[in-house]
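Dear colleague,

Please find the structure below. My notes on one residue and its surroundings follow it.

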Amino acid sequence: MYGMLFSIRSFVSKMSPLDMKDGFLSFQTSKYRLHYYETPSGLKFVMNTDLSVSNARETLQHIYSNLYVEYIVKNPVCVLGHNLDSELFSSRLDAFIRALPYYSPRAA
């Protein structure tokens, strides 16, 4: 996944005639749309949605600033750079995603 995102970001930055201050935001296939958000510190957030979701940038920014920072960065037990091992973060993230207007669980 990292290699694919790195390649797409590099390609977009070389091909764009505009200033890339926002950078690469998303791309879509015939089945899904991949949304991408990179923090100023280089932390990357990726979300896959169906094609009806045009932009999830605010959602990814919210996950970073209101969930990740609050439950991972400010948690002295969590070590940055290691696996995220916080049940509180996981449960809050799950609740946030399920509350999104475009979330719809699919039958297995």
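Two strands are said to pair if DSSP finds at least two bridges between them; strands (E, at least two residues) are DSSP runs, numbered from the N terminus. The model is predicted, with local features needing pLDDT of at least 70 and side-chain atom pairs counting only at pLDDT 80 or more, while totals for chains, interfaces and linings use all residues. Residues are numbered from 1 along each chain as its sequence is written, and side-chain values use heavy atoms, with hydrogens and water left out.

Strand 2 (residues 33-38) contains H35. Strand 2 runs antiparallel to strand 3, and 6 bridges join them; the two form a hairpin with 5 residues between them, where G42 in the turn has a positive phi of about 95°. Strand 1 (residues 26-28) is also antiparallel to strand 2, through 3 bridges, and that hairpin has 4 residues between its strands.

H35 stands opposite M47 in strand 3 and opposite S26. At 2% relative accessibility, H35 counts as buried (under 20% relative accessible area; exposed is over 50%, partly exposed in between; 1.4 Å probe, protein chains only). In strand 3 (residues 44-49), F45, M47 and T49 point to one face and are buried, whereas K44, V46 and N48 point to the other and are not.

The side chains of H35 and T49 make a polar contact at 2.8 Å (a pair of N or O atoms within 3.5 Å; within protein, one must be able to donate a hydrogen and the other to accept it, and residues adjacent in sequence count only if both atoms are side-chain atoms).

Kind regards
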